[in-house]
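Let's take a friendly walk through a protein model together. Please have the viewer open and follow along as we go.

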Amino acid sequence: MAWPPRAWKEPHVGAGGAHKDTSGPSPLVFCLCGREQPIFTTRAHVFQIDPNTKKNWVPASKQAVTVSYFYDVTRNSYRIISVDGAKVIINSTITPNMTFTKTSQKFGQWADSRANTVFGLGFSSEQQLTKFAEKFLEVKEAARLARDKSQEKIETSSNHSQASSINGTDDEKASHAGPADTHLKSENDKLKIALTQSAANVKKWEVELQTLRESNARLTAALQESAASAEQWKRQFSVCRDENDRLRHKIDELEEQCSEINREKEKNTQLKRRIEELESELREKETELKDLRKQSEIIPQLMSECEYVSEKLEAAERDNQNLEDKVRSLKTDIEESKYRQRHLKVELKNFLEVLDGKIDDLHDFRRGLSKLGTDN
């Protein structure tokens, strides 16, 4: 059977290495009239085998609880007892036939045929498991010895009863044989003394029983008070948990607000940078505007120059027209003389090249003036 996969917390260890139980009343409350005494105590998580599947472990305690070995003086027997609050989760009488098995480094188990179940214990360390297993062997051996002694006593008592029966027959014969009044009187006195002592013991036991009952009542009241305190602590814990949830929600809201503030700060920073860029562009535009104003002051002068150039252009056009007329007349003169024509062609070609250059210059100059006027 596999050990359940869970991590065990380190248990609280009291003085002398004994583990203290703070989860409920001591197992002594459930012992019979104080005749059982704890001989070994530890803490562990308690499991029982699932009665349906006989394979899986079912937790019998929500946390580590006290597990103790108890010795019954009257019955000369040993038990393992564990209590979780007011609930007894282990009450197993150890017999010589039982076996404690280690299934892992921190888990062990044993079967109890009387309880018809299998108990499992999960410890916080391998050392605690080893100590518990060693104590189980010791108690098992002590139970075996107690069983053997009990059988020997039964056999001895049987033999003694048979011998007493035989001796009683001989004594009756002897009493018939002689007087025994003195012997019977002394035996009667002894019986009276024994009866008186037994009556005193009964009263003593009644006082002890009453004391134990009062102690049990006090422990029950303390248990009820602790249960009420536990309920109060649960309510306080619930209130604290709700308050904690509310504070966490408030913290989340504040963090969201802080995030929004940071985003707004980032936007403001970007806007400041944009404003600075716009101011720089505005200064540049103002500079350009000043330059344009300065240029606008010289526009009248440019206009007068443009008019002068236009007049010259018109004069040039008139000259061009005259020249064209001359060209036509020259073409007529060319027909008259080949010799003169060759020389005239050369001169005319040179003249036309110069003229074309001037015309192109004039046209370019006119286009520039027109463009300048259009831009203004």
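Is Glu243 buried, partly exposed or exposed, going by its relative accessibility? Before we settle that, please keep in mind that the model is predicted. With a relative accessibility of 35%, Glu243 counts as partly exposed, because the partly exposed class sits between the buried limit of under 20% and the exposed limit of over 50%. We will come back to Glu243 and its partner once the overall layout is clear.

Let's start with that layout. The protein contains 4 helices and 8 strands. Followed along the sequence, the pattern is β-β-β-β-β-β-β-β-α-α-α-α, so you can read the strands before the helices. Of the 376 residues in the protein, 21% are buried.

Now to the strands. Strand 1 covers residues 36-49, and it is a good place to begin. It runs antiparallel to strand 3 (residues 65-72), and 8 bridges join the two. To find this pairing in your viewer, look for Pro38, which stands opposite Phe70 in strand 3. Strand 1 also pairs with strand 8 (residues 117-122), again in the antiparallel sense, over 4 bridges. Here Val46 stands opposite Leu121 in strand 8. Strand 2 (residues 57-59) is another antiparallel partner of strand 1, with 3 bridges between them. In this case Phe47 has Pro59 of strand 2 as its bridge partner.

The loop between strand 1 and strand 2 deserves a stop, and Lys54 is found there. What is the phi of Lys54 near? Its value is near 60°, which is positive in a residue other than glycine. As background, most residues other than glycine have a negative phi. Lys54 is partly exposed, with a relative accessible area of 43%.

A second example of this kind sits in the loop between strand 3 and strand 4, where you will find Asn76. The phi of Asn76 is near 55°, again a positive value in a residue other than glycine. Asn76 counts as partly exposed at 30% relative accessibility.

Moving on from Asn76, we reach a hairpin. Strand 4 (residues 77-84) and strand 5 (residues 87-93) run antiparallel and are joined by 6 bridges. Asp84 stands opposite Lys87 in strand 5. The hairpin has 2 residues between its strands, and Gly85 adopts a positive phi near 70° there.

With the strands covered, let's turn to the helices and their charges. How many salt bridges does a search of the whole structure find? The search gives 9. One of the contacts to look at joins Arg246 to Glu243, the residue from our opening question, and the closest N and O atoms of this salt bridge are 2.4 Å apart. The two residues are 3 apart in helix 2, so about one helical turn separates Arg246 from Glu243. Arg246 is partly exposed too, with a relative accessible area of 48%.

Further along helix 2, Glu277 and Arg274 meet through their side chains in a salt bridge of 3.3 Å, N to O. These two residues are also 3 residues apart, about one turn of the helix. Glu277 counts as partly exposed at 44% relative accessibility, and Arg274 is partly exposed with a relative accessible area of 43%.

Helix 3 (residues 299-336) offers another example, with Asp325 and Arg328 lying 3 residues apart, about one turn of the helix. Their side chains meet in a salt bridge at 2.0 Å, N to O. Asp325 is partly exposed, with a relative accessible area of 32%, and Arg328 is partly exposed at 47%. Elsewhere, Glu141, Arg144 and Asp148 are linked in a network of salt bridges.

Our last stop is a charged area on the surface. Glu281, Glu284, Glu288 and Asp291 form a negative surface patch. Of these, Glu281 is found in helix 2, which covers residues 181-297. Its relative accessibility is 40%, so Glu281 counts as partly exposed. That value also clears the cut-off for patch residues, because a patch takes residues with over 30% relative accessible area and no salt bridge.

Definitions and conventions: Residues are numbered from 1 along each chain as its sequence is written. This is a predicted model: local features need pLDDT of at least 70, side-chain atom pairs count only at pLDDT 80 or more; totals for chains, interfaces and linings use all residues. Side-chain values use heavy atoms; hydrogens and water are left out. Two strands pair if DSSP finds at least two bridges between them. Patches are made of residues with over 30% relative accessible area and no salt bridge: like charges are joined within 9 Å, nonpolar side chains (Val, Leu, Ile, Met, Phe, Trp, Tyr) within 5 Å. Accessible areas come from the Shrake-Rupley method with a 1.4 Å probe; for residues, only the protein chains shown count as cover. A salt bridge is a side-chain nitrogen of Lys or Arg within 4 Å of a carboxyl oxygen of Asp or Glu. Lys and Arg count as positive and Asp and Glu as negative; His and the chain ends are not counted. The place of a charge is taken as NZ of Lys, CZ of Arg, CG of Asp or CD of Glu. Buried means under 20% relative accessible area, exposed over 50%, partly exposed in between (1.4 Å probe, protein chains only).
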